[in-house]
Amino acid sequence: MITTDLSNTDYHAHPAISKSGLDLISRSPAHYFYAAHREATRAMQLGTAIHAAILEPERFANQYMLLRDVTDRRASEYRQAVKVHGSEFTLAGPEADRVSGMQASVQANPRAMSRLGAPGKSEVSIITTDPETGVPVKCRFDWLCDDGRGLDLKKTQDIRADEFSRSVARYRYHVQAAFYSDVYKWETGEDLREFAILAVEESMPHANRVFLLDDEALQIGRMQYRADLNAYAECMNRGEWPGIVFEEDELLSLPMWAITQAEDEMIDSLEIEE
């Protein structure tokens, strides 16, 4: 099934396993099984607003109220806007500036707009079956072009390639790219033409850049999601969701940045004494 009619709430409520679920499985099946439902925070609502501004600018303009000159939520203007639009859709001060700035920056990027300006749809949900294990799986494209190109929007702090590659590894974006590509093929029978990541810096000047992952990253992502998906299927069959078991104590070191910082402080103190 491919649909744009599923709300975000209904999508997350569907029992099929998603990439975020596989992320939990990668920690341990118990982390997935006992995961608590997360209530929407202000940060999550702001993320939704950013997605709407960039992916659905017409809906954003009609649904959201931006009060860029209002910096105090106790102000009467803000309270009146909330009564009409709701707090989720009322953005004031720095929030409004950030969303508007990110939107304008992306719209000035021809590489991004060549995809977002092409015929396509936002929030495209795919629910299908993994042919290897038979378990239901799902994914949700931020933007899917009619010609089979997918794009995912990511907020970040730094779009320099060496820095963003750390985010790719940490948040398993390579796993997402491989998983989404395969889910798309399982449902349509066709290869996804590309999975692009549009990374946008949250801070001014909201620099943004489109990234495509290389074959090695996709291969590693496919290997990792397959291991997680097989583990999930086995847990479903057995009805068992084991946690992490450590048979030995582990000697822990400080991260390299902390060691380097301590060494620098030691050198500085020696120079002062001299």
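**Helix α11, the sheet and the nonpolar cores**

At 1.5 Å a residue, the 24 residues of α11 should span 34 Å, and the C-alpha atoms at its two ends lie 35 Å apart, which agrees with that expectation. The model is a predicted one, and all values reported here are computed from it. Helix α11 covers residues 215-238. Its buried residues are A217, G221, Y225, R226, D228, L229, Y232, A233 and C235. An α-helix has 3.6 residues a turn, so residues three or four places apart point the same way. The partners against which the buried residues of α11 pack are α2, α3 (29-33), β5 and α10. Just after the helix, G239 adopts a positive phi of about 70°.

The strands β1, β4, β5, β6, β7 and β8 make up an open sheet of six strands, in the order β1-β4-β5-β6-β7-β8, with mixed pairing. Strands β1 (2-3) and β8 stand at the edges and have a single partner strand each, so one side of each has no neighbour in the sheet. Strands of a sheet pair through backbone hydrogen bonds, either parallel or antiparallel. At the β1 edge, β1 and β4 run antiparallel and are joined by two bridges. Within this pair, T3 has S125 of β4 as its bridge partner, and I2 stands opposite I126 in β4.

Strand β4 is mostly covered, with seven of its ten residues buried. Nine bridges connect β4 to β5, and these two strands are also antiparallel to each other. S125 recurs here, with R140 as its bridge partner in β5. Strands β4 and β5 form a hairpin with six residues between them, and in the turn G134 has a positive phi of about 80°.

The largest nonpolar core contains 34 residues, of which F141 and L229 touch the most other members. At least two residues of this core come from each of α2 (19-27), β4 (120-129), β5 (136-145), α9 (161-171), α10 (173-188), β7 (194-201) and α11 (215-238). The most is given by α10, which supplies eight residues. Another core, of 26 residues, lies apart from this one and includes A53, A96, C145 and L198. In soluble globular proteins, nonpolar side chains tend to be buried together. L229, one of the two core residues that touch the most other members, is also among the buried residues of α11.

The surroundings of F141 were examined further. Leaving aside residues up to four places away in sequence, F141 touches S122, E123, V124, I126, G150, Y180, Y184, L192 and F195. With F195, F141 forms a tilted aromatic pair, at 6.4 Å centre to centre and 55° between the planes. F141 lies in strand β5 and F195 in strand β7, so the pair ties together parts that are 54 residues apart in sequence. F141 and F195 are both buried. The model holds 17 aromatic pairs. Ring pairs link a cluster made of F141, F179, Y180, Y184, W186, F195 and Y225. Of these, Y225 is a buried residue of α11. A separate kind of ring contact involves K138, which lies over the face of Y11 at 4.7 Å from the ring centre.

Backbone geometry was then considered. Most residues other than glycine have a negative phi, and most peptide bonds are trans. E123, a residue other than glycine, has a positive phi near 50°. E123 is placed in strand β4 and is one of the residues touched by F141. The other features concern the loop between β7 and β8 (208-212), where P205 is found. The peptide bond from M204 to P205 is cis, with omega near 10°. H206 is in the loop between β7 and β8 as well. Although not a glycine, H206 has a positive phi of about 60°. With a relative accessible area of 2%, H206 is buried.

Key
Residues are numbered from 1 along each chain as its sequence is written. Side-chain values use heavy atoms; hydrogens and water are left out. A nonpolar core is a set of buried Ala, Val, Leu, Ile, Met, Phe, Trp, Tyr and Cys residues joined through side-chain atoms within 4.5 Å. Buried means under 20% relative accessible area, exposed over 50%, partly exposed in between (1.4 Å probe, protein chains only). Helices (H or I, at least four residues) and strands (E, at least two) are DSSP runs, numbered from the N terminus. Contact means heavy atoms within 4.5 Å. Rings of Phe, Tyr and Trp (its six-membered ring) pair if their centres lie within 6.5 Å; planes under 30 degrees apart count as stacked, over 60 as edge-to-face and the rest as tilted. A charge sits over a ring if NZ of Lys or CZ of Arg is within 6 Å of the ring centre and within 35 degrees of the ring normal. The expected span of a helix is 1.5 Å times one less than its number of residues. Two strands pair if DSSP finds at least two bridges between them.
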